Amino acid sequence: MLPLLPLLSLLAGTQALENGLARTPQMGWNTWNHFGCGISEDLILSTARVIVQKGLKDLGYEYVLIDDCWQAPERDPKTKAPVADPKKFPHGIKHVADEIHKMGLKLGIYSDAGSRTCAGFFGSLDYEEIDAKQYAAWKVDYLKYDNCYNEGRSGTPLISQQRYAAMSKALNATGRPILYSMCNWGEDQPWNWANTIANSWRISGDIHDSFKRFDERCPCTQVLDCKFAGYHCAVTRIIDFAAPLGQKGGSGHWNDLDMLEVGNGGMTYDEYVTHFSMWAILKSPLILGNDLSSMSDETFSIITNEAIISVNKDPQGSAANRIWKKEVAGGDLQLWVGWLTNWDTVVALMNTGEETIKTSVSIADVFTDGSEWSRRAAYYLYDLWKLEDKMDANITMTPRAQSVPRKDGRRYGKFEGVVRGHIENVQVKPHQTRVWKLGVIWGSVDGQEEVAQTKLKRRGARYEL
């Protein structure tokens, strides 16, 4: 008898915007976190070339996103259409889009559902149709749509929904597929209404390149009744905000935890691994925000871990759930579990505390929402942040546990053996997150796990005796 996955994970999808985009969370690179307003045509095109040359495009990083400050001081005085700054973009946005498309990438642009953008340039409020038509004429593929200077058109879900729906309708009316990424900072609880108009929506104030520093500018301690999102939100604060919201995302409509800070220098290696891992398993868009032309090998190793990326891109589209959160010295220890295709399971143990934790992970805890069968079964265990020199000759990794070989021939997703009852001898350093994938051994409830190891045969995407 097959184990029963939680019904909620299978029924999480709801009626959503159907523009055919973002079937899995979008991936790409955005100018804002590192460059702010210091952008140009040359920066955009040179970064696009790096994305291709370094193999990031092949991993799914396909959107090159121009954030705020691309605009001229004012709109076209006759047509009122948006105009690019001629000094920063001397050949215009259409030229940039054409060059980006030649590389097999897609171009994104930024505007604001207000009279002005956050940097003070013209916004799109009440200019939605004009602007959407211009973006389509420029062959833009993505719109990030912010929330500054909204003229008081917020405060209730209905008012905010109407303001953001105006651009959604305008984009759809152009006939060009344009991914619509709402950036209203979680104001008026967009997870309850944005899935019918947008491909993703921000859930919090702007991220800051810090792991858990408290900042009064990000004042809310919980997300469901947050009245002022602010900015300078630490990674752990955003993860706490995301914890109850996974049930609201799904294919074509995602909770957006904000752009990645990996490589910008404000966190340690373990903190950036936690940042990248949790964004991935929570099914957030993975939008890089660093300088790709000068990133370290360490940064590159984090953002190219395809074992982690494959969890984010898993077609089931179910965000991980937090099973428990326990107080430890200087922070907490958290267990997160997510359901994947082929009956695989992703498990993450995050330590926000200040001391190394030595523990074990209970399979009964992992499958709290599962069946008795799933709690009794044995599993192949893969560590998604450990490299192995070559594939084990006797045990083949399931397709979703496998990562592509790196240039040195090594892969992330090391096979760690068979587990039943517990993942034993786990050590989690301060601010570290351990991430594993479990692959069920069919027939193991009857004590056949040893047979499974030696006589395993593959049928389709599932392993059976």
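In the predicted model, the lining of the largest cavity comprises, by class, 7 nonpolar, 3 polar and 4 charged residues. This cavity encloses about 110 Å³ of space, and among the 14 residues that line it, those closest to its centre are Tyr142, Lys144, Ser181, Asp256 and Met259. Two elements, β4 and β5 (179-182), each give two or more residues to this lining. In total, 4 cavities of 30 Å³ or more are present in the structure.

Open space was examined alongside these cavities. The largest pocket has a volume of about 500 Å³, and of the 26 residues that line this pocket, Cys118, Trp185, Asp206, Gly230 and Tyr231 are the closest to its centre. The elements that supply two or more residues to the pocket lining are α2 (32-35) and β4 (142-146); strand β4 is likewise an element that gives two or more residues to the lining of the largest cavity. When the residues of the pocket lining are divided by class, 13 are nonpolar, 3 are polar and 10 are charged.

The packing of helices was considered next. Two packed helices are described by the angle between their axes and by the distance between those axes. Helix α5 (residues 128-137) packs against helix α6 (residues 157-173) at an angle of about 40°, and the axes of the two helices lie 8 Å apart. An angle under 35 degrees would count as roughly parallel; α5 and α6 are therefore oblique to each other. The crossing in which α5 passes α6 is right-handed. On the α5 side, Glu128, Glu129, Asp131, Ala132 and Tyr135 take part, and these residues meet Arg163, Ala166, Met167, Ala170 and Leu171 of α6. Divided by class, this contact of α5 with α6 has 6 nonpolar and 4 charged residues, with no polar residues.

A second pair is formed by helix α7 (residues 235-242) and helix α8 (residues 269-281), which pack at an angle of about 20° with their axes 11 Å apart. Because of this angle, α7 is roughly parallel to α8. In this pair, α7 passes α8 in a left-handed crossing, and the contact is made by Val235, Ile238 and Ile239 of α7 together with His275, Met278 and Trp279 of α8. By class, the contact of α7 with α8 has 5 nonpolar residues, 1 polar residue and no charged residues, whereas 4 charged residues are found in the contact of α5 with α6.

Methods:
Residues numbered from 1 in each chain as written. Predicted model: local features only at pLDDT ≥ 70, side-chain atom pairs only at ≥ 80, totals over all residues. Heavy atoms only, no water. 1 Å grid on protein atoms, 1.4 Å probe; cavity = no way out; pocket = protein on both sides within 12 Å on 5 of 7 lines; lining within 4 Å. Points joined across faces, edges and corners; volume = space filled by probe spheres on them. Helix = DSSP H or I, 4+ residues; strand = E, 2+ residues; numbered from the N terminus. Nonpolar A, V, L, I, M, F, W, Y, C, P; charged D, E, K, R; others polar. Axes fitted to C-alpha atoms, helices over the stretch in contact; angles between N-to-C directions. Parallel < 35°, antiparallel > 145°, perpendicular 65-115°, else oblique. Left-handed = near helix turned anticlockwise from the far one by under 90°. Contact = heavy atoms within 4.5 Å.
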